[in-house]
Amino acid sequence: MRAPKITERHLWAAEALLLASAAAAAVWLARPDEWHPLSLVALLIALALAGEWFTVESGAGVVSASLAVMTLAMGLLGPTPAAVCGIAAIGLHSAVAGRTPDEWLNNLLAFGVAAFVAGLLVRAAAGDVAAAHGAHLAQGLIFGLVLLAGVVVLLILNFALFAVDLMVKEGRSFARLWGELFVPTLSGELAVGVIAVILVLAYRSVGLPALLAAIPILVIFRQLTVALMRSERRAEQLDARTRQLASFQWAVPSTFMEGLGLRDPTETRHGAAVASYAKAIAIELGCDEDEQEVVHLAGLLHDIGKFTWSDRVLHPTQLSDADWEVIRRHPQDGAMMVGKFDGFGPVADAILYHHERMDGGGYPAGLIGSEIPLASRIIAICSTYDTMIARETYGPPMSPEDAIAELRKIAGTQLDAELVETFIALLERNGPTFGQDADYRTELAFESRVRKMAEPASGEPSSLTRTPVALRLRHRG
């Protein structure tokens with residue numbers, strides 16, 4: 001939601017007042033020796049203006065040579081020339097890009113004021129830098145640390161002035177902007193700042209040729225940056241496509257299950273409860289995270305095959321032999337539906353065999369004992385227990401105590417006896433109905449699953465998605 005217009009007017013007035021105050025202070029505090037030698041002043045201003053050619057737009061800001069030029073001006077001339085270089089760089093860029101008046105104002109503020117204040121702090125700590133070109137190397141190294149601190153101040157002020165503008169105009173939080181715009185690019189910006197500090201120290205020893213030699217470096221910098229930004233855009237497009245595919249992969253089985261829930265709301269409740277109980281058992285058994293995920297998801301979707309049932313079978317009054325054949329086929333139908341998606345094979349297996357019995361009398365394959373997958377044995381126990389204490393379809397519910405007694409009665413023949421005792425111990429510790437309040441959408445955690453599936457397999461950002469080492473000073477637009 002946009003902030004009220006009066007708030008934006010207040011922001012513009014405050015920005016204009018701050019910019020005017022900084023300009024007056026820059027004129028008042030300027031020293032004649034800051035503008036000598038003229039060849040150095042002309043070179044830095046030319047580099048600042050030429051920075052428009054080096055500028056490449058990115059999602060988090062602008063990749064340019066502006067920080068290097070402002071750092072050189074802070075370290076070799078003084079705060080006022082640093083501000084002039086910053087304004088020259090962003091002014092030309094804003095003109096070429098056709099910024100609106102409010103964007104112009106924020107850009108000039110973020111670059112000019114940030115550079116002036118950082119330059120003042122460097123002057124306060126190191127003295128008149130324009131008169132210090134002949135300093136001893138040891139003093140120069142100390143000065144280099146002071147100048148690097150000035151770079152940090154410049155970056156923080158630039159970001160803060162830009163962030164306040166976005167907070168008022170777009171309602172975004174400072175913490176979110178800090179995490180999205182400042183932190184990811186800080187290492188690259190500091191790297192550029194360090195290079196600029198080294199150039200300042202080199203100028204003290206070699207003179208103007210050191211800066212002239214930097215021009216080819218800037219040309220190479222631009223070419224590499226363009227290549228990196230193209231790679232980043234391709235990576236972003238690939239990430240978006242990967243997320244779309246992951247979203248589709250999760251959306252289809254979820255849609256089937258939710259469609260079943262619209263026809264019979266008890267099914268999604270039952271699936272959520274079984275998933276909650278099943279994951280608790282998997283954790284109790286010491287299963288790893290992948291195994292827990294299989295058990296949990298299979299519990300959530302174990303009855304998805306019922307989506308194929310007609311309403312007459314889903315809400316029966318009397319069942320024919322043909323209807324029972326349909327009912328007995330739902331594990332196969334569910335496994336077929338789920339198994340078509342990449343990576344869902346273990347989940348499909350767990351669904352396929354969740355109606356097998358330990359004595360071999362189950363379906364569809366008549367597996368015996370440990371032939372039945374562990375996840376299927378866990379789901380069978382949880383589904384049986386939840387059905388008994390809920391009884392939404394087949395009759396009045398049992399009490400948890402009677403249901404536990406029934407579990408023990410059929411343990412060893414229908415259900416895995418050891419797993420039954422593990423489950424009963426959980427019920428005694430966590431409460432006999434601890435899974436009943438589970439919510440289907442919460443258990444599904446759709447967005448979280450999509451994000452996890454879209455991540456690279458290593459869990460680390462791929463080389464194409466890492467932020468390129470380059471300066472990203474922020475400005476509107």
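Colleague: How many salt bridges does the count come to?
Modeller: This is a predicted model, and side-chain atom pairs count in it only at pLDDT 80 or more. A pair needs a side-chain nitrogen of Lys or Arg within 4 Å of a carboxyl oxygen of Asp or Glu. By this rule, the number of salt bridges is 15.

Colleague: Which residue forms a salt bridge with Asp-102?
Modeller: Look along helix H6 for the partner of Asp-102. The closest N and O atoms of the pair are 2.8 Å apart. The partner of Asp-102 is Lys-169.

Colleague: How many residues apart in sequence are the parts that Asp-102 and Lys-169 tie together?
Modeller: Asp-102 belongs to helix H5 (residues 101-126). Lys-169 belongs to helix H6. The pair therefore ties together two parts of the chain, and their separation in sequence is 67 residues.

Colleague: Does Lys-169 count as buried or exposed?
Modeller: Buried means under 20% relative accessible area. Asp-102, its partner, passes at 19%. Lys-169 has a relative accessibility of 6%, so Lys-169 counts as buried.

Colleague: Which helix holds Glu-284, and which holds Arg-429?
Modeller: The side chains of these two residues meet in a salt bridge, 2.7 Å from N to O. They link distant parts of the chain, 145 residues apart. Glu-284 is in helix H11 (residues 265-284), and Arg-429 is in helix H19.

Colleague: What relative accessible area does Arg-408 have?
Modeller: Arg-408 forms a salt bridge with Glu-421, with closest N and O atoms 3.1 Å apart. The bridge runs from helix H18 (residues 400-410) to helix H19. Glu-421 is partly exposed at 37%. Arg-408 is also partly exposed, and its value is 43%.

Colleague: Which residues do salt bridges that share partners join into one network?
Modeller: Start from the pair of Asp-102 and Lys-169. Shared partners bring in one further name, Asp-165. The network is Asp-102, Asp-165 and Lys-169.

Colleague: Where is Leu-157, and which residues does Leu-157 touch beyond four places in sequence?
Modeller: Leu-157 sits in helix H6 (residues 137-170). It is partly exposed, at 27% relative accessible area. One of its contacts lies 43 residues away in sequence, yet 5.3 Å away in space, C-alpha to C-alpha. The residues touched are Ala-114 and Val-117.

Colleague: Which helices each supply at least two residues of the nonpolar patch?
Modeller: The patch has an area of about 400 Å² and is made by Val-164, Met-167, Phe-174, Trp-178 and Val-183. Val-164 is in helix H6, and at 38% relative accessibility it counts as partly exposed. The helices are H6 and H7 (174-182).

Colleague: How many residues are in the largest nonpolar core?
Modeller: In soluble globular proteins, nonpolar side chains tend to be buried together. Here, the members that touch the most others are Tyr-277, Leu-300, Leu-301, Val-338, Tyr-385 and Phe-423. The number of residues in this core is 57.

Colleague: How many residues does the second, separate core have?
Modeller: This core includes Ala-22, Leu-109, Ala-118 and Phe-162. Its size is 52 residues.

Colleague: Where is the proline that a cis peptide bond joins to His-36?
Modeller: Most peptide bonds are trans. The bond between His-36 and Pro-37 is cis, with omega about -5°. Pro-37 lies in the loop between helices H1 (5-29) and H2 (38-54).

Colleague: What is omega near for the peptide bond from Tyr-363 to Pro-364?
Modeller: Pro-364 lies in the loop between helix H16 (345-352) and helix H17 (374-390). The bond leading into Pro-364 is cis, and its omega is near 15°.

Colleague: In which element is confidence lowest, and in which highest?
Modeller: The chain has a mean pLDDT of 81, and 81% of its residues reach 70 or more. Over residues 457-477 the pLDDT is below 50, although this stretch has 78 contacts beyond near neighbours in sequence. The lowest element has a mean of 41 and the highest has 95. They are strand E3 (residues 472-473) and helix H19 (residues 417-430).

Colleague: How many helices and strands does the chain have?
Modeller: The chain has 477 residues, and 49% of them are buried. Of the contacts with a separation of 6 or more, 75% are between residues 24 or more positions apart. The totals are 21 helices and three strands.

Terms used
Residues are numbered from 1 along each chain as its sequence is written. Side-chain values use heavy atoms; hydrogens and water are left out. A nonpolar core is a set of buried Ala, Val, Leu, Ile, Met, Phe, Trp, Tyr and Cys residues joined through side-chain atoms within 4.5 Å. Buried means under 20% relative accessible area, exposed over 50%, partly exposed in between (1.4 Å probe, protein chains only). Contact means heavy atoms within 4.5 Å. Patches are made of residues with over 30% relative accessible area and no salt bridge: like charges are joined within 9 Å, nonpolar side chains (Val, Leu, Ile, Met, Phe, Trp, Tyr) within 5 Å. Accessible areas come from the Shrake-Rupley method with a 1.4 Å probe; for residues, only the protein chains shown count as cover. pLDDT is the predictor's confidence in each residue, from 0 to 100.
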